[in-house]
Protein chains: 2
Amino acid sequence: MASSMNASAESTRNETEERLLDAALTLFASKGFAATSVREIIEATGVTRPVLYYYCDSKQDLFERVVRWKHDDAYKELDATISATRGVANRLQAIIRGTFAFCAADPRVPQLMFQTSFGPVVSELAEFLQAIAEIRFGIVANVMLEAIDSGELHGGDAHSLALLFCSIMDHHANALSRMPNPEHKLTPELADALVDAFLYGVSTGRRKTPQIPETL
Amino acid sequence: MASSMNASAESTRNETEERLLDAALTLFASKGFAATSVREIIEATGVTRPVLYYYCDSKQDLFERVVRWKHDDAYKELDATISATRGVANRLQAIIRGTFAFCAADPRVPQLMFQTSFGPVVSELAEFLQAIAEIRFGIVANVMLEAIDSGELHGGDAHSLALLFCSIMDHHANALSRMPNPEHKLTPELADALVDAFLYGVSTGRRKTPQIPETL
DNA sequence: ACACTTACTTAACGATCGGTAGGTTTCGTC
DNA sequence: GACGAAACCTACCGATCGTTAAGTAAGTGT
């Protein structure tokens with residue numbers, strides 16, 4: 001006892017609250033919303049149940065805070081790198097490198113994030129998660145739009161190309177973060193190679209322009 | 001009642017059992033394993049709870065049967081089309097067209113299938129689902145291996161290229177099957193365009209060969 | 001007539017779920 | 001040293017969970 005001489009007290013967030021969020025992140029990321037009980041979360045944190053409800057309104061509220069917490073970090077970084085970069089190749093490289101670095105640093109993040117877009121629908125959370133996902137997608141779609149307008153890209157509309165690029169990026173981030181040592185797999189080298197594959201394809205044969213139909 | 005004069009009575013499967021599996025598919029696909037209760041399943045089927053346990057050992061057993069049921073259908077079709085086709089472009093086209101058609105015919109299938117690989121880990125099911133996923137991936141990886149050996153593809157090893165292709169195919173199948181009217185979106189035209197994008201890229205600029213590092 | 005299987009029923013089991021009422025300690029402020 | 005807010009506790013709530021015991025009605029073979 002009396003061990004928590006925490007000098008920082010950064011922002012208004014308590015140390016207990018932080019541990020609660022962190023434990024919730026771990027469990028929600030690996031087991032999902034429905035399969036994770038508040039009892040598991042409080043046991044992992046080392047507090048009693050009313051403490052959790054002292055900091056959060058409900059299990060759902062806790063989940064949303066965990067998602068927003070990590071998503072906001074990722075989103076800010078992404079937005080900053082894009083406005084500091086010119087040219088579609090460089091921008092896509094920045095996006096995917098940043099995403100990989102973020103996911104490699106904490107594999108729980110992609111595991112949480114992607115289960116919300118690929119996993120089962122949690123009806124209470126659907127609206128909230130939809131909005132979160134659209135922010136991210138919108139950023140990429142904007143990059144594509146500018147690149148089409150400037151003649152750097154072709155083969156589909158901005159939405160289709162964004163979906164294609166996010167396919168590649170997200171699927172790799174997701175799949176590799178679930179394997180052992182994701183930090184050795186989600187490398188800048190892989191990121192760059194995937195951008196090249198997106199831009200130039202992997203065929204040895206003569207070039208041909210894809211015509212992706214509008215998906216929206 | 002008495003409306004279901006189903007002539008087939010195929011195999012040994014009872015009509016009640018079939019309805020049970022179908023209701024389970026609907027619910028597991030949309031809400032996931034943990035969030036779906038056996039009570040919901042039996043209510044949707046219109047039977048009592050012991051009937052479910054008459055046909056299945058447990059909730060887990062029911063889930064595995066539902067997954068195997070649909071997966072086996074998809075897998076057989078896939079395997080057949082590949083061995084009947086030559087050349088990587090044609091084979092990939094056959095794979096993705098078949099997958100899209102299968103997903104468009106019943107959007108519950110991809111929703112169930114992908115939540116098992118991208119969704120939260122259900123520890124009791126992890127091993128079973130891992131094996132299922134590897135069958136599918138292995139088929140694609142084999143196609144890539146042959147195409148690399150024959151000099152049709154470059155830019156990475158078979159495993160990496162399979163991961164890249166599955167990224168594109170699976171993500172589109174998943175995302176579009178969750179939108180309204182998936183049957184109008186998961187079209188052969190989209191399938192073909194995605195194969196082209198995989199092979200030739202979407203850049204207007206000069207060609208360049210990607211070098212995807214090994215991810216395994 | 002009897003046994004046996006198939007396809008169900010009603011009624012309940014213990015365990016766990018999310019959430020809370022109400023009391024206690026700690027601590028800065030006046 | 002009185003006082004309220006913040007941070008926590010014990011103990012319990014009703015609801016729902018997966019699962020089962022025990023019984024029944026209808027057919028089927030002998």
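**Protein surfaces around the two DNA strands**

Among the 17 residues around DNA strand C, those that come nearest are A:Arg39, A:Arg49, A:Tyr53, B:Thr48 and B:Arg49. Of the atoms of this strand that come within 4 Å of the protein, 53% belong to sugar and phosphate. The model described here is a predicted one.

Phosphate oxygens of DNA strand C are met from both chains. A polar side-chain atom of A:Tyr53 lies 2.7 Å from one such oxygen, and a polar side-chain atom of B:Thr16 is found 3.0 Å from a phosphate oxygen of the strand. For A:Val38, a polar backbone atom is 3.1 Å from a phosphate oxygen. Helices α2 (38-45) and α3 (49-55) of chain A, as well as α3 (49-55) of chain B, each contribute at least two residues to the surface near DNA strand C. The largest share, five residues, is that of α3(B). By class, this surface has seven nonpolar, six polar and four charged residues.

Turning to DNA strand D, 17 residues surround the strand, with A:Thr48, A:Tyr54, A:Tyr55, B:Arg49 and B:Tyr53 coming nearest. Sugar or phosphate makes up 56% of the strand D atoms within 4 Å of the protein, and bases make up the rest. One base nitrogen of DNA strand D is 2.7 Å from an N or O atom in the side chain of B:Arg39. Phosphate oxygens of the strand lie 2.4 Å from a polar side-chain atom of A:Thr48 and 2.7 Å from one of B:Tyr53. Here α3(A) gives the most to the nearby surface, with five residues, while α2 (38-45) and α3 of chain B each supply at least two.

Notes:
Residues numbered from 1 in each chain as written. Chains lettered and ligands numbered in written order. Predicted model: local features only at pLDDT ≥ 70, side-chain atom pairs only at ≥ 80, totals over all residues. Heavy atoms only, no water. Near = heavy atom within 4 Å. Polar contact = N/O pair within 3.5 Å; in protein donor to acceptor, adjacent residues only side chain to side chain. Helix = DSSP H or I, 4+ residues; strand = E, 2+ residues; numbered from the N terminus. Nonpolar A, V, L, I, M, F, W, Y, C, P; charged D, E, K, R; others polar.
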